[in-house]
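Please open the structure in the viewer and keep the sequence panel visible. The tour below proceeds by selections, each followed by a description of what is found there.

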Amino acid sequence: MVELFYVKYDKEDWIDKIESKSIFSKEDNQVIGSETKLKHEIGYRMLDYYLKHRKNLESHFVLEKRDGKKPRLNEIKNVIFNISHSENLVIIGFCQEEIGVDCERIRQCRDNVVNKIFTKIQKEHLEKSYDKNRYFTSIWTLKESFVKNIGTGIGYPLETVDVYIDENNNVINCMEGYNFTQLNIEDNIVSICTIQDKEVEVEDISLIIEEDILMNMQH
């Protein structure tokens with residue numbers, strides 16, 4: 001099973017609520033700017049919440065990042081996670097195997113990106129789509145979820161990620177050994193890439209994380 005948690009936030013309101021001291025170390029805190037700091041803070045507080053309240057583990061955790069790949073929990077090997085954020089949403093997915101998640105609000109279709117990274121069949125279905133911006137964003141998040149699963153980042157040749165949306169809005173996967181799921185959450189397209197077909201359980205913890213931030217500001 002994939003456990004997917006999300007927080008919907010208002011940028012201006014939440015930035016005012018973030019305390020100056022983060023729950024993660026200065027070494028991990030390499031973000032720049034208040035909005036980026038906010039998104040990272042929310043994501044790591046979601047991770048903290050999951051470990052403490054869903055796994056009954058110590059809330060303090062240490063992240064390690066090796067060879068430029070995605071962060072992992074040091075000394076907690078059975079919790080694999082991935083975080084993504086958009087303009088108004090932060091999501092975190094948990095699984096017992098590799099997982100990649102990506103979320104985006106509908107973005108403008110960009111012909112230069114289509115020509116560079118879309119496969120022939122992806123281009124064909126894009127042309128047939130009644131909403132090219134939505135289709136473009138759907139394919140982009142599917143590709144991003146794959147490279148986040150394997151941990152290589154956007155340096156991976158995205159034109160080789162062969163997955164598309166058919167005329168019935170089904171995800172058609174041509175990537176052997178991987179599974180894709182796509183959801184709509186709070187006006188965002190959310191794509192999930194796992195090794196096997198997994199049931200996805202979604203939960204909104206916006207109020208919980210907001211209360212957590214406010215409580216910590218009072219100390």
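Two strands are taken as paired if DSSP finds at least two bridges between them. The model on display is a predicted one.

**The whole chain**

Begin with the entire chain selected and coloured by secondary structure. Six helices and eleven strands make up its secondary structure. The chain has 219 residues, of which 47% count as buried. Among contacts between residues at least 6 apart in sequence, 58% join residues at least 24 apart.

**The four-stranded sheet**

Next, select β4, β5, β1 and β11, which form an open sheet in the order β4-β5-β1-β11, with mixed pairing. In general, the strands of a sheet pair through backbone hydrogen bonds, in either the parallel or the antiparallel sense. Which strands form the edges of this sheet? They are β4 and β11, the latter covering residues 200-204, and each of them pairs on one side only. Viewed from one strand to the next, the sheet has a twist that averages 20°.

**From the edge inward: β4 and β5**

Select residues 80-85 for β4 and residues 89-95 for β5; these strands pair in the antiparallel sense over six bridges. A hairpin of three residues joins β4 to β5. To see the register of this pair, display Ile-80, which stands opposite Cys-95 in β5.

**The other side of β5: β1**

Keep β5 in view and add residues 2-8, which form strand β1. How many bridges join β1 to β5? There are six, and the two strands run antiparallel. Here the residues to display are Tyr-6 and, opposite Tyr-6, Ile-91 in β5.

**The helix pair α4 and α5**

Leave the sheet and select residues 120-128, helix α4, together with residues 132-150, helix α5. The axes of the two helices are 8 Å apart, and the helices pack at an angle of about 155°. Angles over 145 degrees count as roughly antiparallel, and α4 and α5 are therefore roughly antiparallel to each other. The crossing of α4 past α5 is right-handed.

Now show the side chains at this contact. On α4, select Gln-122, His-125, Leu-126 and Glu-127; on α5, select Lys-132, Tyr-135, Phe-136, Ile-139 and Lys-143. What is the character of the residues in the contact of α4 with α5, nonpolar, polar or charged? They divide into four nonpolar, two polar and three charged residues.

Note on methods
Residues are numbered from 1 along each chain as its sequence is written. This is a predicted model: local features need pLDDT of at least 70, side-chain atom pairs count only at pLDDT 80 or more; totals for chains, interfaces and linings use all residues. Side-chain values use heavy atoms; hydrogens and water are left out. Axes are lines fitted to C-alpha atoms, for helices over the stretch in contact, and angles run from 0 to 180 degrees between N-to-C directions. Angles under 35 degrees count as roughly parallel, over 145 as roughly antiparallel, 65 to 115 as roughly perpendicular and the rest as oblique. A crossing is left-handed if the near helix is turned anticlockwise from the far one by less than a right angle, and right-handed if clockwise. Contact means heavy atoms within 4.5 Å. Ala, Val, Leu, Ile, Met, Phe, Trp, Tyr, Cys and Pro count as nonpolar, Asp, Glu, Lys and Arg as charged, and the others, Gly among them, as polar. Buried means under 20% relative accessible area, exposed over 50%, partly exposed in between (1.4 Å probe, protein chains only).
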